[in-house]
Amino acid sequence: MDKQDIKKLTKKKLIFEVIKERKRNKEKDQIIHDRLESKKRLHDLRLQLDKEKNITKELRLKLSQQEAIANQAQNMSAKLQKIANENKCYICKLKYEVTGGHRAVSIKCGHLFGEKCILDHLKRSKACPICKSLTSYKDVRFIIAGQNLCTAELLI
Ligand SMILES: [Zn+2]
Ligand SMILES: [Zn+2]
């Protein structure tokens, strides 16, 4: 091997080394790039997860609001049922009439009954059938059912 050959060989070796180094660098770049990509993907996934968590939270809130509304509606219908029951004569359990013998009347304590029912009751007892307060015929008053009615109309 002469000097020239050695030079050539060294040059070749150097070129080979450079190529090898470049290849290694390229692989490193790829690894770094991949890591960055997966980091980005992880970040995106976290964002997506946060969004979904918020949606779930909102849905839960809406659901609980709907449950509250449903509960209110149930309470309201129970109250309406109570009012409807209270608007029936306690003695015979029938609705009051606007005219006739079963109009709503109050007695001294304020409790309401159908007229003929309470008059029959007062023949036997002077105590309110509900609260047992003492009352008499002269405490019996007609109840005016609405704005458009007056006592005169009730007496027809
Ligand atoms: Zn009655
Ligand atoms: Zn009473």
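## Helices and the long first helix

A helix is here a DSSP run of type H or I with at least four residues, a strand is a DSSP run of type E with at least two, and both kinds of element are numbered from the N terminus. With those words in hand, the structure can be described element by element, bearing in mind that it is a predicted model.

Helix α1 covers residues 3–86, and within this helix the side chains of E21 and R24 meet in a salt bridge, with 2.8 Å from N to O. The two residues are three positions apart in the chain, so they are separated by about one helical turn. E21 is partly exposed because its relative accessibility is 34%, and R24, with a relative accessible area of 39%, is partly exposed as well. Helix α1 also contains M76, a residue that joins L80 and I83 in making a nonpolar surface patch of about 310 Å².

## The annotated domain

Residues 89–132 carry the feature "domain: RING-type" in UniProt, where the entry is marked as unreviewed. In the model this span is 23% helix and 14% strand, and the C-alpha atoms at its two ends lie 16 Å apart.

## The site of ligand 1

The zinc ion that is ligand 1 has four protein donors, namely C89 (SG), C92 (SG), H102 (NE2) and C117 (SG), which lie 2.1 to 2.3 Å from the ion. Along the chain these donors follow the spacing C-x2-C-x9-H-x14-C. Two of the donors link distant parts of the chain, since H102 sits in the loop between α1 and β1 while C117 belongs to helix α2, 15 residues away. H102 is buried, with a relative accessible area of 3%, and C117 counts as buried at 11%; both labels follow because buried means a relative accessible area under 20%.

The angles among the four donor atoms of this zinc ion run from 90 to 119 degrees, and the site is tetrahedral. The label applies because four donors count as tetrahedral when all angles lie between 85 and 135 degrees. For comparison, the ideal angle for four tetrahedral donors is 109.5 degrees.

## The site of ligand 2

The second zinc ion, ligand 2, is coordinated by C109 (SG), H111 (ND1), C128 (SG) and C131 (SG) at 2.1 to 2.4 Å. Its donors follow the spacing C-x1-H-x16-C-x2-C along the chain, and the angles among the four donor atoms, which are 108 to 111 degrees, make the site tetrahedral. C109 is partly exposed, with 33% relative accessibility, and H111 is partly exposed too, with a relative accessible area of 26%.

## Salt bridges around helix α2

How many salt bridges does a search of the whole structure find? The search finds three, one of which is the E21 and R24 pair already described. Another joins E115 with R103, whose closest N and O atoms are 3.6 Å apart. This pair links distant parts of the chain, for E115 lies in helix α2 (residues 115–124) and R103 lies in the loop between α1 and β1, with their positions twelve residues apart. Both E115 and R103 are buried.

A further salt bridge is formed by the side chains of D120 and K123, with 3.4 Å from N to O. Both residues lie in helix α2, three residues apart, which is about one turn of the helix. D120 is partly exposed at 38% relative accessibility, whereas K123 is exposed, with a relative accessible area of 62%.

## Loop residues

Most residues other than glycine have a negative phi. Against that background, K93 may be noted for a positive phi near 65 degrees, and K132 for a positive phi near 70 degrees. K93 lies in the loop between α1 and β1 and is exposed, with a relative accessible area of 53%, while K132 is found in the loop between α2 and β3 and is exposed, with a relative accessible area of 56%.

The loop between α2 and β3 also holds S133, which is partly exposed because its relative accessible area is 31%. From C-alpha to C-alpha, S133 and K62 are 50 Å apart in space, and in sequence they are separated by 71 residues.

Technical notes:
Residues are numbered from 1 along each chain as its sequence is written. Chains are lettered from A and ligands numbered from 1 in the order in which they are written. This is a predicted model: local features need pLDDT of at least 70, side-chain atom pairs count only at pLDDT 80 or more; totals for chains, interfaces and linings use all residues. Side-chain values use heavy atoms; hydrogens and water are left out. Donors are N, O and S atoms within 2.8 Å of the metal (3.2 Å for Na, K and Ca); water is not among the atoms, so sites may look incomplete. Four donors count as tetrahedral if all angles lie between 85 and 135 degrees; four count as square planar and six as octahedral if opposite donors are over 155 degrees apart and all others between 65 and 115; anything else is irregular. Buried means under 20% relative accessible area, exposed over 50%, partly exposed in between (1.4 Å probe, protein chains only). A salt bridge is a side-chain nitrogen of Lys or Arg within 4 Å of a carboxyl oxygen of Asp or Glu. UniProt positions are given in the numbering used here, feature names are shortened, and annotations may be inferred rather than shown by experiment. Patches are made of residues with over 30% relative accessible area and no salt bridge: like charges are joined within 9 Å, nonpolar side chains (Val, Leu, Ile, Met, Phe, Trp, Tyr) within 5 Å. Accessible areas come from the Shrake-Rupley method with a 1.4 Å probe; for residues, only the protein chains shown count as cover.
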